Structure formats: structure tokens, C-alpha cells
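Reader: Please choose one part of this model and look at it closely, setting it first within the chain as a whole. I would like a connected account that shows how each statement about burial or exposure is reached.

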Amino acid sequence: MREWLGGIAGMLCVMTVLLQIVPEGSFSKYVRFYISLLYLLAVAGPLLRLISQEDTLERFLKLELLKEEHYDLETSVEGLQELKNESFRTAWRNEILRQIGEITAAYGGTMEAGDISLGEDDTLQGVNIKISTEEGSGDQIAEQIRKEISGIYSLAPERIQIARPGGR
């Protein structure tokens, strides 16, 4: 700002000297006209710079808006990743329960209810199922199912709980 005012003051001095040097006549009106144009441009300089910086400001605002949109997109992707992981985990649980139901059916039982527990790395940590079998063969079938689940899923037999109506 200080430089601008100094430039304006200097230009006024030069213009005044030029107007004094130029003789009166038809030529002096052209000199005055061009000196006035230069003076107008010098005074309007900061305004012209502001207008030219408006493009820079607009670009800056657009870039900031794009950064904001990118951040929102990253946040959305993280949310989708969590949803994907949860969907995967649910599908994994359902598939294991379906397989345990097939194992139970292969031994002549019916899985009425089931639940599994998964570890941090989605490995099977425990099985808790409720089965129904024909009367008289329930304990033997439950033990066979326990051994089969233990062998397939590499799970300790004590981590496999099998409940039966009227049984243990």
C-alpha cells in the first residue's frame, strides 16, 4: 500500500512537470489525455490486481472444496470397508453354521439353534448348538458331531457345546 501511494505521488510529480514542459496548443490536449489515462491506470492498479487475484482466489476455493470432497470420500470409503468387513463376517458365520447343520444332519440329527464365536482374526473359537435326535441315540450322536466339528475346524472338543432336549 505504501509503495502504491509513493508511486502515485511520484507519477503526479512527473505528470505535473510534463504538463508544464509541453507548450500550449493542439499537441498539449493529447498529452493531457494520455497522462490522465496513465494516472487512472496507476490509481486503478490495486483494483486490477484484486480482479486478477480473484481468479487465484476462485482457484484456491475450488481446490479447498475438492480437498473437502476428497476427505468426505475417504470417510465414506472407510465406512464402506467396515460395512464390507461386517458383511463378510456375517456371511462367514452363516456359512459355518450351515456347515455345522449339515454335519448334524449327516449323523441323523437336526440343528435347532446355533451360535459360534469368532476371534479377532475371524477364526472359530467356540460352537454352541442345540440339536434334536431320535430318542435313545442322542448322547452317541452328540459325541460324534462334537468329534466331527473338532476335526474339521481344528477346535478343542471342550469348546464345542451341544445341548439336546432332555439331554446334557
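Author: In what follows, two residues are said to be in contact when heavy atoms of one lie within 4.5 Å of heavy atoms of the other. The model is a predicted one, and the part I have chosen is the surroundings of Ile100, a residue of helix 2.

The setting comes first. The chain contains 3 helices and 3 strands, and their order along the sequence follows the pattern α-α-β-β-α-β. Its C-alpha trace spans about 130 × 25 × 25 Å along the principal axes, and the radius of gyration is 43 Å, whereas a compact globule of 168 residues would have a value near 15 Å. Of those 168 residues, 21% count as buried, and the surface that the chain exposes amounts to about 12,500 Å², of which carbon and sulfur atoms supply 60%. Among the contacts with a separation of 6 or more, 49% join residues that are 24 or more positions apart. As for charge, the mean positions of the 17 positive and 26 negative charges are 7 Å apart.

Against that background, consider Ile100 itself. Its relative accessibility is 0%, and because the limit for a buried residue is under 20%, Ile100 counts as buried. Once its neighbours within four places in sequence are left aside, Ile100 is in contact with Met111, Ile116, Val127, Ile129, Ile149 and Tyr153. A separate distance, taken from C-alpha to C-alpha, places Ile100 and Lys130 11 Å apart in space, with their positions 30 residues apart in sequence.

One of these partners, Val127, leads on to the largest nonpolar core, which has 18 residues and in which Val127 and Ile149 touch the most other members. The elements that give two or more residues to this core are helix 2 (26–106), strand 1 (110–118), strand 2 (124–132), helix 3 (138–153) and strand 3 (160–163). The largest share, 5 residues, comes from helix 3. Such a grouping follows a broader tendency, for in soluble globular proteins nonpolar side chains tend to be buried together. Beyond its sequence neighbours within four places, Val127 is in contact with Ile100, Asp115, Ile116, Ile149, Leu155, Arg159, Ile160 and Gln161. Ile116 and Ile149 thus appear among the partners of Val127 and also among those of Ile100.

Helix 2 also contains Thr104, which is buried because its relative accessible area, 0%, is under the 20% limit. With the neighbours within four places again set aside, Thr104 is in contact with Gly109, Thr110, Met111, Ile129, Ile131 and Ile145. Met111 and Ile129 are therefore partners of Thr104 and of Ile100 alike, given that contact means heavy atoms within 4.5 Å.

Arg98, another residue of helix 2, stands otherwise with respect to solvent: its relative accessibility is 40%, and so Arg98 counts as partly exposed. The C-alpha atoms of Arg98 and Met111 are separated by 9.4 Å, the two residues being 13 positions apart along the chain.

Helix 3 and the loop that follows complete the picture. Asp139 is found in helix 3 and, at 46% relative accessibility, counts as partly exposed. From C-alpha to C-alpha, Asp139 is 9.7 Å from Ile162, although 23 residues separate the two in sequence. Ser154 lies in the loop between helix 3 and strand 3 and has a phi near 50°, a positive value in a residue other than glycine. Its relative accessible area is 68%, and because the limit for exposure is over 50%, Ser154 counts as exposed.

Methods
Residues numbered from 1 in each chain as written. Predicted model: local features only at pLDDT ≥ 70, side-chain atom pairs only at ≥ 80, totals over all residues. Heavy atoms only, no water. Helix = DSSP H or I, 4+ residues; strand = E, 2+ residues; numbered from the N terminus. Rg over C-alpha atoms; globule rule 2.2 N^0.38 Å. Buried < 20%, exposed > 50% of the residue type's maximum accessible area, 1.4 Å probe, protein only. Areas by Shrake-Rupley, 256 points an atom, 1.4 Å probe, with all protein chains shown as cover. Lys, Arg positive; Asp, Glu negative; His and termini not counted. Charge placed at Lys NZ, Arg CZ, Asp CG, Glu CD. Core = buried A, V, L, I, M, F, W, Y, C linked by side-chain atoms within 4.5 Å.
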